[in-house]
Amino acid sequence: MDNNSSKIESLIKQGIRIPCPHGVVIDPSAELGEGTVIYPCTIIKEGCVTGKNCEIGPCTVLYKTRVGDGSVLDCVHSEEAVVGSGVT
């Protein structure tokens, strides 16, 4: 099992929903909040943190990005950014 598969398996056990893990890449350093959903074709690179109950993807790339609770990012490319809570 590669690092990405291990990370995804670990997140699913923690209650993160990843309905279609194929095509999802999550860096081992990423921290995802409880209740968060990660959709297909999403890449979460190093230095990313999400709050609780976020929806990330599909087709989203995050790098060194912090996402507040309850935010929804759909088809977003974000680098070194802070996204507030409740952003859609």
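Student: Let's start with Arg66: which strand holds it?

Tutor: Arg66 belongs to strand β7 (residues 66–67); strands here are DSSP runs of E, at least two residues, and helices are runs of H or I, at least four, numbered from the N terminus. Bear in mind that this is a predicted model, where local features need pLDDT of at least 70, side-chain atom pairs count only at pLDDT 80 or more, and totals for chains, interfaces and linings use all residues. Residues are numbered from 1 along each chain as its sequence is written, and side-chain values use heavy atoms, with hydrogens and water left out.

Student: Why is Arg66 called partly exposed?

Tutor: Its relative accessibility is 49%. Buried means under 20% relative accessible area, exposed means over 50%, and partly exposed is in between (1.4 Å probe, protein chains only), so Arg66 gets the middle label.

Student: Which residues is Arg66 in contact with, leaving aside neighbours within four places in sequence?

Tutor: Val49, Ala81, Val82 and Val83; contact means heavy atoms within 4.5 Å. As for Ile44, 22 residues away along the chain, its C-alpha is separated from that of Arg66 by 11 Å.

Student: And Thr42, why is it buried or exposed?

Tutor: Thr42 has 0% relative accessibility, so it counts as buried. You'll find Thr42 in the loop between β2 (37–38) and β3 (43–44).

Student: What makes the link from the side chain of Thr42 to the backbone oxygen of Tyr39 a polar contact?

Tutor: The distance is 2.8 Å. A polar contact needs N or O atoms within 3.5 Å; within protein, one must be able to donate a hydrogen and the other to accept it, and residues adjacent in sequence count only if both atoms are side-chain atoms. So 2.8 Å is inside the limit.

Student: Which strands make the open sheet, and in what order?

Tutor: The 4 strands run β1-β3-β6-β9, with parallel pairing. β1 (25–26) and β9 (77–79) are at the edges because each has a single partner strand, leaving one side without a neighbour in the sheet.

Student: How do you know that β1 and β3 pair?

Tutor: DSSP must find at least two bridges between two strands, and 2 bridges join β1 to β3, so they pair. Ile26 stands opposite Ile44 in β3.

Student: What makes the buried residues of α1 line one face?

Tutor: In α1 (residues 3–13), the buried ones are Lys7, Ile8 and Leu11. Seen down the axis, they fall within an arc of 95°, so they line one face of the helix; the arc is taken from the directions from the helix axis to the C-beta atoms. These buried residues of α1 pack against β1.
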